[in-house]
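Work through the exercises below with the sequence and the coordinates at hand. Each task is followed by a solution in steps.

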Amino acid sequence: MNQKELRAIRLKNDYKLMAGMRNSAVDWTVDDPDNPEHYVVTFNIRTIIGLDAKGKPIYRDKSTVDITFPPEYPTVKPRAVMREQQPFHVNWYTDRAWCPGVWSSDEQLWSYVRRMAKTLQFDKRYSNVKSPANPNAVSFWNENAGTNLFPTDKQELPIGEEKKRRCVIHL
């Protein structure tokens, strides 16, 4: 199987597994279900987009991200870019692109999207201060990591269809 065929199969499988990634916090559309190469993911998640003049967080409750796939996918990670101003977060570059950290070709798209949502929630377990995409956010992160400021949103996030099937208990 060549790279192009592998990519096409993976994209179709990702699309099927993304079915479980919808709830009040996360929704998405795809341009073409038969060729799912561009997703628009809407996160209804409270996130921090900056600081006011007094250093207090400025919040936003809705963010939209475009996810596209390079020709080398799944060997190379998808690209996720915020349509609006990026969050003031260590995992978001100032050019609005998300830094997912380590990428493994066996990670499913639903898991990638869920990890992204966790960074929007400022979940400490999904944030990499040691290798920041936005160095300007590091001091804010460090000053507030031990406070109740994080996470900014505690909504339950959906999980992909594959994970749901693994969680089924047969009696």
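A residue is called buried under 20% relative accessible area, exposed over 50%, and partly exposed in between, with a 1.4 Å probe and protein chains only as cover. The model is predicted, so local features need pLDDT of at least 70 and side-chain atom pairs count only at pLDDT 80 or more, while totals for chains, interfaces and linings use all residues. Residues are numbered from 1 along each chain as its sequence is written, and side-chain values use heavy atoms, with hydrogens and water left out.

**Exercise 1. Classify the two ends of the salt bridge between D66 and R83, and place them in the chain.**

Step 1. A salt bridge requires a side-chain nitrogen of Lys or Arg within 4 Å of a carboxyl oxygen of Asp or Glu. For D66 and R83 the N to O distance is 2.8 Å.

Step 2. The pair links distant parts of the chain, 17 residues apart: D66 is in strand β5, and R83 is in the loop between β6 and α2. Helices (H or I, at least four residues) and strands (E, at least two) are DSSP runs, numbered from the N terminus.

Step 3. D66 has 18% relative accessibility and therefore counts as buried. R83, at 47%, counts as partly exposed.

**Exercise 2. Do the same for D27 and R22, then describe the salt bridges of K118.**

Step 1. The side chains of D27 and R22 form a salt bridge with an N to O distance of 2.8 Å.

Step 2. D27 is partly exposed at 35% relative accessibility. R22 is partly exposed as well, at 40%.

Step 3. K118 pairs with D123, their closest N and O atoms being 3.6 Å apart. Both K118 and D123 are buried.

Step 4. A network of salt bridges links K118, D123 and R125. The count for the model comes to eight salt bridges.

**Exercise 3. Check the length of helix α2 (residues 109–120) and state how covered α2 is.**

Step 1. The expected span of a helix is 1.5 Å times one less than its number of residues. For the twelve residues of α2 this gives 16 Å, and the end C-alpha atoms are 17 Å apart, which agrees.

Step 2. Eleven of the twelve residues of α2 are buried. Among them are W110, R114, R115 and K118.

Step 3. α2 is followed by F122, whose phi is positive, near 60°. F122 lies in the loop between α2 and α3, and its relative accessible area of 1% makes F122 buried.

**Exercise 4. Which residues have the most contacts inside the largest nonpolar core, and which element gives the most to this core?**

Step 1. A nonpolar core is a set of buried Ala, Val, Leu, Ile, Met, Phe, Trp, Tyr and Cys residues joined through side-chain atoms within 4.5 Å. The largest one has 29 residues, and those with the most contacts inside it are Y39, F43, I67, L109, V113 and M116.

Step 2. Two or more residues each come from α1, β1 (26–30), β2 (38–43), β5 (63–68), β6 (79–82) and α2. α2 gives the most, with seven residues.

Step 3. In soluble globular proteins, nonpolar side chains tend to be buried together.

**Exercise 5. Describe how strands β3 (residues 47–51) and β4 (residues 57–60) pair.**

Step 1. Two strands pair if DSSP finds at least two bridges between them. β3 and β4 run antiparallel and are joined by four bridges.

Step 2. T47 has R60 of β4 as its bridge partner, and G50 stands opposite I58 in β4.

Step 3. The hairpin has five residues between the strands, and G55 in this hairpin takes a positive phi near 85°.

Step 4. Four of the five residues of β3 are buried, so β3 is largely enclosed by the rest of the structure.

**Exercise 6. Find the cis peptide bond before P74 and the one before P151, and examine the phi of R96.**

Step 1. The bond from Y73 to P74 is cis, with omega near 10°. P74 lies in the loop between β5 and β6.

Step 2. F150 and P151 are joined by a cis peptide bond with omega about -5°. P151 is in the loop between α3 (138–144) and α4 (161–167).

Step 3. R96 is not a glycine, yet has a positive phi of about 80°. R96 lies in the loop between β6 and α2 and is partly exposed, with a relative accessible area of 33%.
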